[in-house]
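Please read what follows with the coordinates open beside the text. The account moves from single residues to strands and sheets, and then to the chain as a whole.

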Amino acid sequence: MPAPPRSSNEGLPAELTSFVGRQAERAELRRLLGGSRLVTLVGAGGVGKTRLALRAAADVRDAFPDGVWWVELAQLRDPGLLAHLVSATFGCPPPTDQSVLETLRGHLAQKQLLILLDNCEHLADACADLVDSLLRGCPGLRILATSRESLRIDSESTYVVAPFPVPAETDLDGVDVSGCDAVTLFLERARAVRSGFDLTRDNRAAVWGICRLVDGIPLAIELAAVKIRALLPADVLRLLTENTRILRRDGRRVPERQRTLRACIDWSFELCTGPEQRLWTQLSVFSGGFGLDAAEGVCGASGLTEPVLDLILSLVDKSILTLEAGPENARFRLLEMLRQYGQERLESSGEEEAALRRAHRDWFLDLSTRAEAGLLGADRRAWLSRLRRDHANLQRAMEYCAEANDHGRGLALAGSLHRYWVADGRFDEGRTWLARFLDQGDGSIHDRIRAVHAAGWLATLQGDPAASARILRQGADLVSGTRDLSASALIIQLGGMDALYTGRSGAIDHLEQALAQFRLAGDINRQLETLALLTVAAALSATPETARAYHAECAEIAELQHDPCLRSYTAWAYAIATWRAGDPEAALSIARDALSATSSRSDQLSLTLCLEAIAWIEASRGRHATTAVLLGTADRLWARMGTSTTAFPGLFRFRRESEADSRRVLGHHAFEAIWTRGTELSLEGACACGLGDVEITPSATATATVDADADADADGQPAPVIGVAAGDRLAAAGLTRRERQVAGLVAQGLTNKEIAARLVISLRTVETHVQQVLTKLGFHSRGKVASWLAGQHAGGT
């Protein structure tokens, strides 16, 4: 007689450590298992597929009268024994006149159960055949599988398990780490080996850095956390940076493939074909991700026996490459640990690594050259987005130029990124690279003049007059021996810009001379650039009304050139001119149009300048709370760029006057409170304030931030009145501080639009928070939140 099935409680192994996070993933898996008979969890090694699958299986065990059964395949090497292993799990009778598979199908045919097939990747074909046969012959059967690649059968639903997200915050003060599963996992595993370990001001940056460095991979986080028994987080972070082999697990009963992260990656590498392994190592030359065009451009001529696209798709299927959806095109990324592994193997190849690094440099030099022209047209936003996504690759290409003493190409690459560095506020970075290559004395005269011009712009925008003067002298020496009108005009323009932003005389004369030479040379783009500077110079002069002519000419050419950037830049300057000419209402309208044009956040510098100008205009209109908020946001953005309005004496006088007026009217404490609120606003919220979509009142904002007590939210807004019991229950349900705040406002009957106005956030953000509140509390309506909070308040306070 066949042995009776074990109870479902015996079908899953007991959990020996706590389970962290994954609430959304568990909910989605419950949904998938409700509609699909085969669900496969795929993901990179160490990402936590098994733990998630076990928890998901436990979540749905009540739906299966005949139990939930776990079949672990990691130790099985012979695919011919797969059916035998599954059959033995169920205690099936030995086959007589039937095959093992037929006996197993007969045994399960009338049962309603769930099988968890764990670690299928090395037996993928055999698992696909077995699962397909069982599903066809057993109508009450469902299967949950884990693998590094899908089984690829018709009935399969695939769910990609991603690493824990680790936000890219650099200033961690006030960060609510309870919402970060990666940090929570690190803390729990560290406390298991060092009682009382906690996150402190001294170690939180290192803990965060560890989680980011390992890309939020749970296995890597756990392996790093156990080192806390003998090391500080800063030590672990340093050793991780130097050598990932510190990630070794000491447990005696740990599967060999999980004893170290290296062994886990070795396992993945061995499952790849030869061409897949080769492309994996070649792709390690990229940093921070890459597009398909870059992969084909860099690796396509390296002797691969299969098309790059086919191999990339295979590596995605095997969870080696991560697919990242972009605004225009898909991108791919090797998790950092996988990239370092591939880099080690590539370095051992010697000559191939050097050839790939050169191909990588050449491809991104071509990209930056194309982007330099593209940043002046209608596709500016797309080009800025592309350069931001490939920022790490551009850095890596310049690093190679420096390492290989190829300073000429390095100079060309750095010079071509001038407009990107200006638009994105990367002043320090740009100056560092330009100085590094200029100091070597290599490169053509043309490239050196362009690089000097770029370096001068950045130094001026950072308010470094000594460097600006030195760069101007260097530029004058370079153009003294050339008859290139456009090249010499660059240095003349630079002199005019320096005079403009330092408040010295002669700015308009220099810029007019540069404009005349650019016209003779037929350089339309530089004409536009110079007209924009002339608009600013006229706006700051004693006769601001003269800005109209420059603005009109610049706008006309920009329209013909489809250049939205300089059109909005001159609109910002023209708004200041209109305001100084005595028409603040018209000035505000012009400035808001300029802000609206840049509110896509494609240009950090223009956005900050627009927010500043609106703040000054609003102060003159008596709207001092709005001024304080906008100055707070602008100051935060200036700080990110490594500069401030004090770097521009010609502009700073307006900032100083508007701030002084607002402080006098609001009072020092109220101004500081509202200014602080501005530093914490999202860019979306700040733009809403600048555009007049959100009303800022002194009383509401001051109440939110001055003398904040324990009920104040982390971002400065007053928390709604919630009883002690309700507050504890909301926190226990996993609601973040912002979500607890939104829950309280929902309970007060506010609409999403009213909540958005109260908290100065977007309507879409509110909708997301409300949905999260409902999901975490298990409610389907806003009324349930209100009644539940009311009940908790009555019973607990």
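S319 is buried in this predicted model, with a relative accessible area of 10%, and since the cut-off for burial is under 20%, the assignment follows directly from that value. The residue lies in the loop between α15 and β7, and its phi is positive, about 65 degrees, although S319 is not a glycine. Such a value deserves a remark, because most residues other than glycine have a negative phi. R152 offers a second case, with a positive phi of about 60 degrees although it, too, is not a glycine. R152 is found in the loop between β4 and β5 (156-160), but its relative accessible area is 54%, so R152 counts as exposed.

The loop that holds S319 leads into β7, which belongs to an open sheet of 3 strands arranged in the order β6-β8-β7 with antiparallel pairing. Because β6 (290-291) and β7 (321-324) each have a single partner strand, they stand at the edges, and one side of each is left without a neighbour in the sheet. Helix α15 (residues 308-317) packs on this sheet, where it touches β6, β7 and β8, and its direction makes about 100 degrees with that of β7. Between β6 and strand β8 (residues 331-334), which run antiparallel, there are 2 bridges, and G291 has R331 in β8 as its bridge partner.

Aromatic residues form another layer of the description. The structure holds 15 aromatic pairs, and one aromatic cluster is made up of F286, F290, F332, W363 and F364. A ring also takes part in a contact of another kind, in that the charged end of R345 sits over the ring of F269, at 4.0 Å from the centre of that ring.

A parallel arrangement is found around strand β3 (residues 113-118). Strand β2 (residues 68-72) pairs with β3 in the parallel sense over 5 bridges, and within this pairing E72 stands opposite D118. Strand β4 (residues 141-147) also pairs with β3 in the parallel sense, again over 5 bridges, and here R142 in β4 is the bridge partner of L114.

How many residues of strand β3 are buried? The count is 6 of the 6, so β3 is largely enclosed by the rest of the structure. In a regular strand the side chains alternate between the two faces of the sheet. For β3, this division gives L113, I115 and L117 on one side and L114, L116 and D118 on the other, and as all of these are buried, both faces of the strand are covered.

Is A373 buried or exposed? Its place is in helix α17 (residues 351-374), and with a relative accessibility of 53% A373 counts as exposed, because the threshold is over 50%. A373 and S416 are 43 residues apart in sequence, while their C-alpha atoms are 9.0 Å apart in space.

For the chain as a whole, the helices number 41 and the strands 8. Of its 797 residues, 54% count as buried, and the accessible surface comes to about 34000 Å², of which carbon and sulfur atoms contribute 50%. Among the contacts with a separation of 6 or more, 70% are accounted for by residues 24 or more positions apart.

Notes
Residues numbered from 1 in each chain as written. Predicted model: local features only at pLDDT ≥ 70, side-chain atom pairs only at ≥ 80, totals over all residues. Heavy atoms only, no water. Helix = DSSP H or I, 4+ residues; strand = E, 2+ residues; numbered from the N terminus. Buried < 20%, exposed > 50% of the residue type's maximum accessible area, 1.4 Å probe, protein only. Contact = heavy atoms within 4.5 Å. Areas by Shrake-Rupley, 256 points an atom, 1.4 Å probe, with all protein chains shown as cover. Pairing = 2+ DSSP bridges. Axes fitted to C-alpha atoms, helices over the stretch in contact; angles between N-to-C directions. Phe/Tyr/Trp six-rings, centres within 6.5 Å; stacked < 30°, edge-to-face > 60°. Lys NZ or Arg CZ within 6 Å of the ring centre and 35° of its normal.
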